[in-house]
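Reader: I'm new to this one, so could you walk me through it and tell me what backs up each label?
Author: Sure, have a look first.

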Amino acid sequence: MAFDSVRLVLLPVLLLSAAATPPPERVVAPDGRETLSINGVARTVLIDPAAPGLPIITEEFAHIAGLKPGWIDLSFGVGSEQIEAKTALGNLQSGTAKPYKRRIAYATPRYREGFDGVLGPASLEEPVIRFRLRDPQPGEHVTSLPMVGGGMMGDWKPRYALVEVGGEPMRIILDPHKPRTTTNAGGAVRLARSHGGQMSGASLPLDIVFGISRPTRTMTLQTPLAIGPLTLNQLNVRTVDYGSTATIGDADAPGDPDEVVVTGKGKRDPRSDWISIGADQLRRCSSIVFDKPAKQVRLSCL
């Protein structure tokens, strides 16, 4: 019985000791620019909180690094356009971390201009990834949001925060490298229903990825949407992606300028809806932390 008593006493001590040790953390600089080696060949890549979990590099980088295409091909959809990509296994080394084997996608166009590749939080080996946006300021508060991502193919999808909009969960992408907060057409319809959204302004092209632009307009919310510490009053809408904004009231059309009309018919999948938070909102924040073990996204913001 004495040994049983000792084991029962020591067990919580050991658990407390383990819990007191934080998991390893990777800190990413505000510009996200880092050197990545694949099979010993180094190039400049972007570490991007909005990027997919599967590393994506240029076809030229893949060729120089000696990657051999495997049996898995991919197609990346950007609105109505598709980018075909191949995949291969390669040895990655980023910063001072040890090399690790990873499946890599590669395509002819660059994912983001000025970089030979892009890696998202799930592409990195460390369990906690801290994206430093600026120096912390007095009065900041940390807000935790649930994190989702992955899927049937493992860690290939981006890591999202999750909030409730109109009674259903909506994916939140955190993209400090884009100037404006944006949603797709399906997300805009849901926001119009729940927060009184109204379209205005001319249709303007917005650069997405792979050099592809998509048409957008501005939507103003009568009731602001709170996402953690951030408050959305206005955002860009990709008007014909994953739905249509034709049913949303238009401030530039004849009629009552305060009218919000949402009469969409038919079934649609709310899992396709998302909001991408850009620099217009994230300038209030000093960091974005993706905590994989805790399945949390933490924002430190004013």
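Author: Let's begin with pairing: two strands pair if DSSP finds at least two bridges between them. Helices (H or I, at least four residues) and strands (E, at least two) are themselves DSSP runs, numbered from the N terminus. What you see is a predicted model, where local features need pLDDT of at least 70 and side-chain atom pairs count only at pLDDT 80 or more, while totals for chains, interfaces and linings use all residues. Residues are numbered from 1 along each chain as its sequence is written, and side-chain values use heavy atoms, with hydrogens and water left out.

Reader: How do you know that S9 and S18 pair?
Author: Five bridges join S9 to S18, and the rule asks for at least two, so they count as paired. The two strands run antiparallel. As an example, Arg130 has Val289 in S18 as its bridge partner.

Reader: What makes S1 and S9 a pair?
Author: S1 (residues 25-28) and S9 (residues 128-132) share four bridges, in the parallel sense. Glu25 stands opposite Val128 in S9. S1 also has two faces: Arg26 and Val28 sit on the covered one, Glu25 and Val27 on the uncovered one.

Reader: And which strand does S18 join through six bridges?
Author: That's S19 (residues 296-301), again antiparallel. Asp291 has Gln296 in S19 as its bridge partner. The hairpin of S18 and S19 has four residues between the strands, and Lys295 there takes a positive phi near 55°.

Reader: Why is S18 called mostly covered?
Author: Seven of the seven residues in S18 (residues 285-291) are buried. Buried means under 20% relative accessible area (exposed is over 50%, partly exposed in between, with a 1.4 Å probe and protein chains only).

Reader: What makes helix H3 mostly covered?
Author: In H3 (residues 185-195), nine of the 11 residues are buried. Among them are Ala185, Gly187, Arg190 and His195. Right after H3 comes Gly196, with a positive phi near 65°.

Reader: How do you know that Thr58 is buried?
Author: Thr58 has a relative accessible area of 5%, and the limit is under 20%, so Thr58 is buried. You'll find Thr58 in strand S4. Leaving aside neighbours within four places in sequence, Thr58 is in contact (heavy atoms within 4.5 Å) with Tyr106, Ala107, Arg110, Phe115 and Asp116.

Reader: Why does Arg159 count as buried?
Author: Arg159 comes in at 12% relative accessibility, and buried means under 20%, so the label fits. Arg159 sits in the loop between S10 (141-148) and S11 (160-165). Arg159 and Val148 are 11 residues apart in sequence, yet their C-alpha atoms are 5.8 Å apart in space.

Reader: What makes Asp48 and Arg112 a salt bridge?
Author: Their side chains meet at 3.0 Å, N to O. A salt bridge needs a side-chain nitrogen of Lys or Arg within 4 Å of a carboxyl oxygen of Asp or Glu, so a pair at 3.0 Å qualifies. Side chains of opposite charge can pair when their charged atoms come close. The structure holds 17 salt bridges.

Reader: Are Asp48 and Arg112 buried or exposed?
Author: Asp48 is buried, with a relative accessible area of 0%. Arg112, at 11%, counts as buried too.

Reader: Which other salt bridge does Arg112 make with an Asp?
Author: The side chains of Arg112 and Asp175 meet at 3.0 Å, N to O. Arg112 is in the loop between S7 and S8, and Asp175 in the loop between S12 (168-174) and S13 (182-184), so the pair ties together parts that are 63 residues apart in sequence.

Reader: How do you know that Arg214 and Asp241 form a salt bridge?
Author: They meet at 2.7 Å, N to O, and the limit is within 4 Å, so they qualify. Both residues are buried. Back with the earlier group, salt bridges that share partners join Asp48, Arg112, Asp175 and Lys178 into one network.

Reader: Last one: what is a nonpolar core, and which residues touch the most other members of the largest one?
Author: A nonpolar core is a set of buried Ala, Val, Leu, Ile, Met, Phe, Trp, Tyr and Cys residues joined through side-chain atoms within 4.5 Å. The largest has 51 residues, and those touching the most other members include Ile38, Leu67 and Met219. A second, separate core of 21 residues includes Leu54, Ile72, Leu74 and Ala107.
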